[in-house]
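The following explanation goes through one sheet and the helices that pack on it. It is meant to be read with the structure open alongside.

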Amino acid sequence: MKSELTERRLRVPSNHLMLDLLGTGDSHLRTLVDCFPEVRLTARGNEFVLSGDEEDVTLAETAIGELLIIIQEGQKLDESRVSQVVRMVREKVPSPSGVLSEGIQVGRGKVVRAKTLGQQLYIQAIRDNTLTFGIGPAGTGKTYLAMAAAVEALVSGSIRRILLTRPAVEAGERLGFLPGDLAQKIDPYLRPLYDALWDMFGPDETARLMERGTIEIAPLAYMRGRTLNDACVILDEAQNTSPEQMKMFLTRLGFNSKMIITGDVTQTDLPSQQQSGLRIVRGILDGIPGVAFVELSSRDVVRHRIVAAIVEAYQRFEDDGR
């Protein structure tokens, strides 16, 4: 027996807000219709009319309400953000608009915002802990958000420098035979970190900060023997560290410093017989105050939507092979 249809009307306070909710050419409305195929959703003037099963109508109504809050807070909507709100509403995440409002100030009025619940938890962990591990697949924003957090700390004056490092496994970390100075030798391996810096500071300001030593780059092999004070230190692609390298890196931590370690344990470039330092570090450090581990997943992928499907497909393939 079919359940009775429910109809609800949701009034939007102004024409301006309604236009922002609908999107250019009703693009956001089409996304909502695609996300809620079981609900008949139409826009009339300043009002949404929703009809369908009561539970489905309630979910759609909640999603529209959350999108309205985001717009009222001065944020822009796009297809990805609309889809993320719908996903969080379906997963019963409390206050999706609050999740997406979590931001990192990177100067000049620019704010880098969380796009998923996992990213919000990651940002909060970085703020609350001295040592944060962001572990997850490609596209989850773990490196970009780490860079944003470091830039925020630098701009606010809570640290004096940013240090970026990455194991150069492809070159065996024997970089002497490569042409150029240290920065030029390690440049190809740190390109994703440069890209993030350029996005936040611009290439000219990034170059100036590097010339002054405010931002420093170094291959992991060159970290031995140093103590890093008043710094935010980012180790990217940490799945390519050996257990010994991971221990060496972690023990470089100095006073008034933070470390952020990012990596994907499913994409190690180490020789097959060599164990990853990132894979075992949780069992060693878990439970130590000031140390946090944040697991990101395909649900946190913020690249093209097919990337999340690729990550999930590979995960199923690897699980089936075990």
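Two strands are said to pair if DSSP finds at least two bridges between them. The model is predicted. With that rule, an open sheet of six strands is found, in the order 8-7-9-10-6-11 and with parallel pairing. Strand 8 (215–219) and strand 11 (291–295) stand at the edges with a single partner strand each, so one side of each has no neighbour in the sheet. Direction ignored, neighbouring strands are turned by 15 degrees against each other on average.

Strand 10 (residues 258–263) is a useful place to start. Strand 10 pairs with strand 6 (residues 131–135) in the parallel sense over five bridges. One residue to look for is Phe133, whose bridge partner in strand 10 is Ile261. Helix 7 (residues 142–156) packs on the sheet and touches strand 6, strand 7 (161–166), strand 9 (231–235) and strand 10. The direction of helix 7 makes about 165 degrees with that of strand 10.

Strand 10 also pairs with strand 9, again in the parallel sense, over four bridges. Here Ile234 has Ile260 of strand 10 as its bridge partner. From strand 9 the chain crosses through helix 11 to strand 10, and this β-α-β crossover is right-handed. Helix 11 (residues 243–250) lies across strand 6, strand 7, strand 9 and strand 10, and runs at about 155 degrees to strand 10.

How much of strand 10 is buried? Five of its six residues are, and strand 10 is thus mostly covered, where buried stands for under 20% relative accessible area.

Definitions and conventions: Residues numbered from 1 in each chain as written. Predicted model: local features only at pLDDT ≥ 70, side-chain atom pairs only at ≥ 80, totals over all residues. Heavy atoms only, no water. Helix = DSSP H or I, 4+ residues; strand = E, 2+ residues; numbered from the N terminus. Axes fitted to C-alpha atoms, helices over the stretch in contact; angles between N-to-C directions. Contact = heavy atoms within 4.5 Å. Buried < 20%, exposed > 50% of the residue type's maximum accessible area, 1.4 Å probe, protein only. Right-handed = clockwise from strand over helix to strand, strands pointing away.
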